[in-house]
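Colleague: I'd like a close look at just one part of this model, please. Could you take me through it slowly, in plain words?

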Amino acid sequence: MDLNHPTDPADRPAQRSGAGEGSGRAAWLIAGDFLLTINPIDGSEIVPCPPGRRPLAPRRAPAAAGAPGAAGAADAEPGPPLLDREEERAHLRALLAGGRSVRLTGPSGVGRSALLAAVAEDCATLAPDGVVRLNGHRRTPRDLLHELYAAVHHVSNYRPGPTELSAALREIGAVVVLDDVEFGGAALDELLTATPECAFLLAQRPEAPAPGASSGVVDVPLAGIGPDAGRRLLALAVARELTPAEVEWADELGRAGGGLPLHLVQAGAVLRYRALGGRGPLPSADGLVGALAAAISEGARELLVIALALGGELPDPAALPALTGDGEATVAYTELVDCGLLTRVGPRRRLAPGALAALEGSELAADGAARIASLTRHFTWWLSEAQVAAEEAVAQADVLLAAQRAAQQAGLAAEATELVRRTAPLLAAGLRWGAWERALRTGQEAAREAGAVAQEAYFHHELGVLAICEGQLARARAELEASTALRGVLSDAGGAVAGRRALTLVDDLTRPPSALPAHTPPAGLPADLTQQPPPEVNAPPAAHAPEPPGSTELTLVIRGRSPEESGATLRQMLARGNRRNAVATGAGALLAAVLGTVVALGLTSGDSGDDAENVTRDDPAASEEDAPVTEETTPEESATEESEEPSETPSPTEETSEAEPTEPTDQPTTPDPTTPQPTTPSESEGSGGSSGGSGGSGGDSGGGDTDPPTDPTDPPTDPTDPPTDPTDPPTDPTDPPTDPTDPPTEGDDEGTDASPTATEEATESATEPATPTESAAPGASATAG
């Protein structure tokens, strides 16, 4: 099953309206973690790739990888023989067999490509993945890494992401023969570092930057051939013995041109044309190209005009008849190859470097602008009407890019924009993304010059999608925002939707991941009872501030227990706490019943006269922690206190007396023993409550309040429960109360008859919360008084 092209149409992304057959041939491919839909109408769509759509990437069999010419079958074309290179050939093979990478440098025409082809045949069985032949013409390091991956893996419509590509390249063990490398320095180091198990044989010009010293690449310079090899090569080119004049001419060409084999091949072509009737002196090394241009046929000359217009690029022979209108164009192409005017660049051929420089100012390049316009229109028609597949467009990528650059430089901005619009989707679908990016840049500039806002918005959108695939999210956001703004001006709804979808994906990719919780509660436990990490060994105990009453919380610390054991421990602790609360509640109820009984006994044990003699006074010298004390008072003081009026505003202690007992807010002053002090009903009620709470054994002594009498806001409340009858009859006091001989002094008001038991009970009643029985006792005492 092909995972890239599922048979079910429902599995494919929806195609928007307007992208019908012929006008919008959408293509689907997997790019890393994304599913990319190449839509030439509104722009490409990119979404996260579903798990079922990711293809497997099987490695190529070692036998297929190691077969000679497997990576470049087109390199098997016949060419001039390799002469005087046996020593260099053996040296290069020995270095590659030892796992070393080699950099072969030499000028154009010295025979680098022929030597690389011979060494590749010698190293076919050295590595597990055999020999992989690549070409670096107009390629970046990223392009070459992806081409190496595609040469070893059988995949279609799939471009691995950075992580997968890096992991796959580290597993490739091959001899990589790389010709026409145009970059060096750090870029070359990046290429070598990404493939640690590969041995590279690189071919560069001498002026190219060298790799770093840490790369371990061995530099091997390649010089021209000797005079003997030059004579033999020239004799093989003309297929006969050389005359003395021709031998002398061959030696002169070798000395002037540095022994370049290309010069001798071109010299052999000049001798062949002279044999057909040409006359004149033999040209020098610099005049070989001009002599050949004048001697070749008209068909070959027409191909030279096309190559000059395209900057040296020339389409494949199969496309030449439609381009020139000449059915014999393939014969003319072969003629240029035999003359040495075309050199190999990977599977294709282009003008030789010396030929391009020699013919730029000739009459063949005079009509360049008209020729460029004709070529641009032809390629636009070919891409739109001939139903060109992506593979065919990729094979002609260098030619198409050259035509776009030439049209833009010639001022044909509209024609260049239209050609780029037809070329870019095919380059993207053919996975030639380096050429895709260059085409989009050219189209963007041409569209801006031509004022084509819609085309410029399309190119911005495609550049943003390409940046997402390459992980450059900042650049992707800038390109997509520019595209969305331009399409908003044009009211292009379909394009704006595509741009916003891509921007949403960029937002999702740039959003930081949410932080995970530090501790997760075990299964079966509520969220507030979280599992705490175990304490550090020998850690000093942390100082805790005293907590106020009622703010203590139950905290469960679980160390190394299973959820079942944790649940059982929690249930045990909760049950123990419930029992403790029940015991405390029962003790409080029992204490309230005892206090109520004591109050009732105190009310019924004596007469009203005796009760009136006992009043409760607040001790100003007593602290909050001291228990209340009682002392006897005279009937005159009791009668004076009863005559005072109650206060109009209740104190805060009266408002909260039902909740919990508090200390009096106003401290009494020491009265004059010779002056009777007035009393208020509130004090009488307080004294009755105090005497009832203490069992009727005594009270505090002191003077009355110095504030003016106020009216009470609330009337005294009746007891909720009637007093109970005492079990024993009251007894009359044997001794009558005696008047105090000395007036009470401040701070010395403790009665002599205060009962320790009553004092302890009064202390406990002050600390325990008030109950309905306690709140009813003061009212009963006041009524009895």
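Is D180 buried or exposed, and what is its relative accessibility? Please start there and follow the salt bridges outwards.

Modeller: Sure, and keep in mind that this is a predicted model. D180 has a relative accessibility of 16%. The cut-off for buried is under 20%, so D180 counts as buried.

Now for its partner. The side chain of D180 meets that of R112 in a salt bridge, with 3.7 Å from N to O. This pair ties together distant parts of the chain: D180 sits in the loop between β7 (175-179) and α6 (186-194), while R112 belongs to helix α3 (residues 112-122), 68 residues apart. R112 comes out at 9% relative accessibility, so R112 counts as buried too. As a general idea, side chains of opposite charge can pair when their charged atoms come close.

Let's move on to another pair. R139 and D398 form a salt bridge whose closest N and O atoms are 3.9 Å apart. Here again distant parts of the chain are linked: R139 is in the loop between β5 (131-135) and α4 (141-152), and D398 is in helix α17 (residues 397-409), 259 residues apart. R139 and D398 are both buried. They also belong to a network of salt bridges, whose members include E147, E313, R348, R350 and R432.

For a contrast, have a look at D228 and R231. Their salt bridge has its closest N and O atoms 2.6 Å apart. Both residues lie in helix α7 (residues 227-238), 3 residues apart, which is about one turn of the helix. D228 has a relative accessible area of 52%, so D228 is exposed. R231, at 27% relative accessibility, counts as partly exposed. If you search the whole structure, you'll find 23 salt bridges.

One last stop, if you'd like to see burial in a strand. In β2 (residues 34-38), 5 of the 5 residues are buried, so this strand is largely enclosed by the rest of the structure. F34, L36 and I38 point one way from β2, and L35 and T37 point the other way. That fits a general pattern: in a regular strand the side chains alternate between the two faces of the sheet. As for neighbours, β2 runs antiparallel to β1 (residues 27-31), with 5 bridges joining them, and antiparallel to β3 (residues 45-48), with 4 bridges. T37 is a handy landmark: it stands opposite W28 and also opposite E45 in β3.

Notes. Residues are numbered from 1 along each chain as its sequence is written. This is a predicted model: local features need pLDDT of at least 70, side-chain atom pairs count only at pLDDT 80 or more; totals for chains, interfaces and linings use all residues. Side-chain values use heavy atoms; hydrogens and water are left out. Buried means under 20% relative accessible area, exposed over 50%, partly exposed in between (1.4 Å probe, protein chains only). Helices (H or I, at least four residues) and strands (E, at least two) are DSSP runs, numbered from the N terminus. Two strands pair if DSSP finds at least two bridges between them. A salt bridge is a side-chain nitrogen of Lys or Arg within 4 Å of a carboxyl oxygen of Asp or Glu.
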